[in-house]
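Here is a quick tour of one fold, written for someone who likes to check things against the coordinates. Have the viewer open as you read.

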Amino acid sequence: MEKVTLNVQGMSCGHCVKAVEGSVGALSGVSTVKVDLKASTVDVEFNQQEISLDKIKETIDDQGYDVL
């Protein structure tokens, strides 16, 4: 398992948290997702043999948020 903390801009409310945690959490290979609105970060634990970090970033981007 790999753990990463992504800086994500544009998240500001509970809906944002649900959108990111729901979409990333539904990906095969992702075990945990935790959004921190105050820090503008998303902590993700995933199996890099099942899913790439680029796919996770793309999924967040598809929800309308910018991954830095």
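Which residue in strand 3 is the bridge partner of Val33? It's Val44. Keep in mind throughout that this is a predicted model.

## The sheet

Let's start with the strands. There are four of them in an open sheet, in the order 2-3-1-4, and the pairing is antiparallel. Strand 2 and strand 4 (66–67) sit at the edges, each pairing on one side only.

Strand 3 has two sets of bridges to look at. It pairs with strand 2 in the antiparallel sense over six bridges, and its pairing with strand 1 is also antiparallel, over six bridges. Val44 is a handy landmark here: this strand 3 residue is the bridge partner of Val33 and also that of Val4. A little way along, Val35 has Val42 as its bridge partner in strand 3. As for what holds such an arrangement together, strands of a sheet pair through backbone hydrogen bonds, either parallel or antiparallel.

## The hairpin turn and Ser40

Strand 2 and strand 3 make a hairpin, with four residues between them. Ser40 lies in that loop, and its backbone is worth a look: phi is positive, about 55°, although the residue is not a glycine. For context, most residues other than glycine have a negative phi.

Is Ser40 buried or exposed? Its relative accessibility is 18%, so Ser40 counts as buried, given that the cut-off is under 20%. Setting aside neighbours within four places in sequence, Ser40 is in contact with Leu6, Asn7, Val8, Gln9 and Met11.

## Helices on the sheet

Helix 1 lies across strand 2 and strand 3, and runs at about 165° to strand 2. Helix 2 packs on the sheet too, touching strand 1, strand 2, strand 3 and strand 4, and its direction makes about 30° with that of strand 1.

## The nonpolar core

The largest nonpolar core has 20 residues, and those with the most contacts inside it are Val24, Val30, Val44 and Ile56. Two or more residues each come from strand 1 (2–9), helix 1 (14–25), strand 2 (30–36), strand 3 (41–46) and helix 2 (53–62). Helix 1 gives the largest share, five residues. In soluble globular proteins, nonpolar side chains tend to be buried together.

What does Ile56 touch, not counting residues up to four places away in sequence? The list is Leu6, Val24, Leu27, Val30, Val44, Phe46 and Ile51. Val44 thus turns up again: it is a contact of Ile56 as well as the bridge partner of Val33.

## One salt bridge

How many salt bridges does a search of the whole structure find? Just one. Glu58 forms a salt bridge with Lys55, and the closest N and O atoms are 3.7 Å apart. Both residues belong to helix 2, and because they are three residues apart there, about one helical turn separates Glu58 and Lys55.

On the accessibility side, Glu58 is partly exposed, with a relative accessible area of 41%. Lys55 counts as partly exposed as well, at 35% relative accessibility.

## Gln49, out in a loop

Finally, take the loop between strand 3 and helix 2, which is where Gln49 is found. Gln49 has a relative accessible area of 76%, so this residue is exposed, the cut-off being over 50%. If you want a distance to check in the viewer, try Gln49 to Val8: they are 41 residues apart in sequence and 24 Å apart in space, C-alpha to C-alpha.

Key. Residues numbered from 1 in each chain as written. Predicted model: local features only at pLDDT ≥ 70, side-chain atom pairs only at ≥ 80, totals over all residues. Heavy atoms only, no water. Core = buried A, V, L, I, M, F, W, Y, C linked by side-chain atoms within 4.5 Å. Buried < 20%, exposed > 50% of the residue type's maximum accessible area, 1.4 Å probe, protein only. Contact = heavy atoms within 4.5 Å. Pairing = 2+ DSSP bridges. Salt bridge = Lys/Arg side-chain N within 4 Å of Asp/Glu carboxyl O. Axes fitted to C-alpha atoms, helices over the stretch in contact; angles between N-to-C directions.
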